[in-house]
Amino acid sequence: MTGRRIAGVTGEAIRIIVVDDHTVMRAGVVALLTSENTIEIVGEAGDGRAALELVERHAPDVALVDLRMPVLDGVATTTEIVARFPATQVLILTTYDTDAEIERGVEAGAIGYLLKDTTREQLVDAIHAAARGETVLAPRVAARLVARMRQPAQAPLTAREADVLNAVADGLTNAEIGRRLVIAEATVKTHLLRLFAKLDVNDRTRAVVVAMERGLLRRVPGTEGSP
């Protein structure tokens, strides 16, 4: 994603839109974030079609998107944003934590999946992580993915998941991993979420630590020059 702003890193506020068909809920999210000087809300929408217009107009860093909305639901909206506006990260914020809903959101290419009972601090941290291109999961969502994707014996990593894991250990961003492995960034996100589930972790740093503990890395990070 050439030319993408690194929001929140260079002192610039992270520009976001809030997409939710429930006016009161949307207003609540906006109120939570208004006092946060590292975040700038550049638009609000009540359906997916209006959200796409906002993304096209404002090019936000992060779109907070609900799943169930009229006109165009959250999954279709996420799919469109990922395909048409790759510089905008989609962070799903919803009340739905069923296996099917989580899978649909992940497969659509969302960089993260949060529940509406998240705290203000957790939401702010998640927005910052999403703007940096880091995958984020609500703990309860991670637990459901673990329960769904783990076998009675620990599910092994696929070859592609191992490739992604080693790229994460090398410090690559999702975009850089995509270029290294010649896969779409949305596919990288999907592999990462499956990795998190199999390793029973919630973030990239912990994934690398656990992988090192389990001997899953081809080399220890920081020893690229070693034999």
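Two strands count as paired if DSSP finds at least two bridges between them. Keep that cut-off in mind for these exercises on a predicted model.

**Exercise 1. Find which residue of strand 2 is the bridge partner of isoleucine 16.**

Solution.
- Start with strand 1, which covers residues 14-19.
- Next, look at its pairing with strand 2: the two run in the parallel sense and share six bridges. The cut-off is at least two bridges, so these strands count as a pair.
- Now pick out the partner: isoleucine 16 is bridged to isoleucine 41 in strand 2.

**Exercise 2. Place strand 2 in the sheet, and say what helix 1 touches.**

Solution.
- Write down the strand order, 2-1-3-4-5-6, for this open sheet of six strands with parallel pairing.
- Read off the ends: strand 2 (39-45) and strand 6 (136-137) are the edge strands, each pairing on one side only.
- Add helix 1 (residues 23-34), which packs on the sheet and touches strand 1, strand 2, strand 3 (62-65) and strand 4 (89-94).
- Finish with the angle: the direction of helix 1 makes about 170 degrees with that of strand 2.

**Exercise 3. Describe the largest cavity and its lining.**

Solution.
- Count first: the structure has one cavity of 30 Å³ or more.
- Then note the volume of the largest cavity, about 40 Å³.
- List the lining residues: Val18, Val19, Asp20, Val29, Leu64, Val65, Asp66, Leu93 and Lys116.
- Trace them to elements: strand 1 and strand 3 each give two or more residues to this lining.
- Sort the lining by class, and you get six nonpolar, three charged and no polar residues.

Key: Residues numbered from 1 in each chain as written. Predicted model: local features only at pLDDT ≥ 70, side-chain atom pairs only at ≥ 80, totals over all residues. Heavy atoms only, no water. Helix = DSSP H or I, 4+ residues; strand = E, 2+ residues; numbered from the N terminus. Contact = heavy atoms within 4.5 Å. Axes fitted to C-alpha atoms, helices over the stretch in contact; angles between N-to-C directions. 1 Å grid on protein atoms, 1.4 Å probe; cavity = no way out; pocket = protein on both sides within 12 Å on 5 of 7 lines; lining within 4 Å. Points joined across faces, edges and corners; volume = space filled by probe spheres on them. Nonpolar A, V, L, I, M, F, W, Y, C, P; charged D, E, K, R; others polar.
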